[in-house]
Amino acid sequence: MKKIRFATVGTNITDTFLQAAREVSGFELAAIFSRSEERGKAFARRHGAARYFTVLEEMAGWEGYEAVYIGAPIAFHYPYAKCFLEHGKHVLLEKAFTANAFQAKELIDLARERNLLLMEGMMTTQFPNFFQIRDHLAKLGKIRRYVANFGVYSVRYDDYKAGKPVNTFRRDLCNGAMLDMGVYCVAPMVALFGKPEEIKAFGVVLDSGVDGQSTVICRYPGMEAVNLVTKIADSYLPSEIAGEEGTMYLDHIQKLQVMEIRYRDGRTESIRVEQPLSPMAYELQDFIRTLQEGRRESSHNTHRLSLEVMEVLDEVRRQIGVSYECDRC
């Protein structure tokens, strides 16, 4: 099937994305965007892009490609994606999908109106090992608890505390812990169990106005879900899904490298399968396959999933007292 010509936005996470794209058939890089001409020119040369742009609207209007990957800070996801959709481009939008649910719904409605593919680049829910979790849940019996933990002391936190200018922990970039890391806990939860009936959230809000860490307790019929997220401390706790017949042990909710069911009778069953591709390759594979099959919504990273995750994250931020300028849109 014919290759899909892509443009990309950003040079940080986008670098990882383009390395993964080398493993995916059907991908062709046509252009890149960077606000810095010097950085953009070097980035295009490194990845073999024929063109680079420093004005977003110019690249959006260029006819040399069909789809765009947006790897910009979260604050720019909504305006950038809207611009490309309005210019008739399919959009693969890095997680977190948007800054809030209002923006998510606006983009979804626009994509449907224009008959364009819009998909969140949430890699974990595209892993073969995430499908293993889904397919083996019934072995646990009645599910009673989901616990997801993701804690890493940010490499920028010391600079932030010292008062140095860093892009991390900036309210104007919408990059608090829940949107940056918590989405890796919340998205699998919603994908597996749906949107919770009730949410209780507690968090540490930094002087900059963003959340440094949060504890989120969600209620479902007959079970609870606990999401532990921090960017201001290291955590070594695993994640798990506990049922009445057994518990699924997950070493890391984002990476899913060690996965096993520990049954009540003492048996242990590994459910992990090999994932030969780079982590970001799986989301790109699904995006390209969806386009090549003529569909306008992923069957895995669905519009509903992205919207419901944003609704959960909105409620968490509301309860812990974190707001962004775009929340008032």
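A pocket is an open set of grid points where a 1.4 Å probe fits, with protein on both sides within 12 Å along at least five of seven lines. Keep that in mind as we walk through this structure, which is a predicted model.

Let's take the smaller of our two pockets to begin with. The second largest pocket has a volume of about 180 Å³. It is lined by 14 residues, and Phe130, Ala191, Leu192, His300 and Leu305 are the closest to its centre. Three helices each give at least two residues to this lining: H6 (128-136), H8 and H10 (303-320). Sorted by class, the lining holds 6 nonpolar, 5 polar and 3 charged residues.

Now for the largest pocket, with about 1,500 Å³ of space inside. Which residues lie nearest its centre? They are Asn12, Ile13, Gly71, Thr168 and Asp180, out of 44 lining residues. Here H1, H4 (77-86) and H8 each supply at least two residues, and the largest share, 4 residues, comes from H1. As for class, you'll find 20 nonpolar, 15 polar and 9 charged residues around this pocket.

Since H1 keeps turning up, have a look at that helix. H1 spans residues 13-21, and its buried residues are Thr14, Asp15, Phe17, Leu18, Ala20 and Ala21. What do they pack against? Their partners include four strands, E1 (4-9), E2 (27-33), E4 (67-70) and E5 (90-94), along with the helices H2 (37-47) and H9 (281-292).

Strand E5 also has a link to another helix, H5: the buried residues of H5 pack against E5, as well as H4, strand E6 (118-121) and H10. Those buried residues are Ala101, Gln103, Ala104, Leu107, Ile108, Leu110 and Ala111. Many of the gaps in a list like this make sense because an α-helix has 3.6 residues a turn, so residues three or four places apart point the same way. From its first C-alpha to its last, H5 (residues 101-114) reaches 20 Å, close to the 20 Å expected for its 14 residues at 1.5 Å a residue.

Finally, the inside. In soluble globular proteins, nonpolar side chains tend to be buried together. The largest nonpolar core here has 117 residues, and Val9, Ile70, Phe84 and Ile241 touch the most other members. Helix H8 (residues 177-193) gives this core its largest share, 12 residues. Try zooming in on Phe84: leaving aside neighbours within four places in sequence, Phe84 is in contact with Val9, Leu56, Met59, Ala60, Tyr65, Val68, Ile70, Lys89 and Val91.

How values were computed
Residues are numbered from 1 along each chain as its sequence is written. This is a predicted model: local features need pLDDT of at least 70, side-chain atom pairs count only at pLDDT 80 or more; totals for chains, interfaces and linings use all residues. Side-chain values use heavy atoms; hydrogens and water are left out. A nonpolar core is a set of buried Ala, Val, Leu, Ile, Met, Phe, Trp, Tyr and Cys residues joined through side-chain atoms within 4.5 Å. Buried means under 20% relative accessible area, exposed over 50%, partly exposed in between (1.4 Å probe, protein chains only). Contact means heavy atoms within 4.5 Å. On a 1 Å grid over the protein atoms alone, a cavity is a set of points where a 1.4 Å probe fits but cannot get out, and a pocket is an open set with protein on both sides within 12 Å along at least five of seven lines; lining residues have an atom within 4 Å of a point. Grid points are joined across faces, edges and corners, and a volume is the space filled by probe spheres set on the points. Ala, Val, Leu, Ile, Met, Phe, Trp, Tyr, Cys and Pro count as nonpolar, Asp, Glu, Lys and Arg as charged, and the others, Gly among them, as polar. The expected span of a helix is 1.5 Å times one less than its number of residues.
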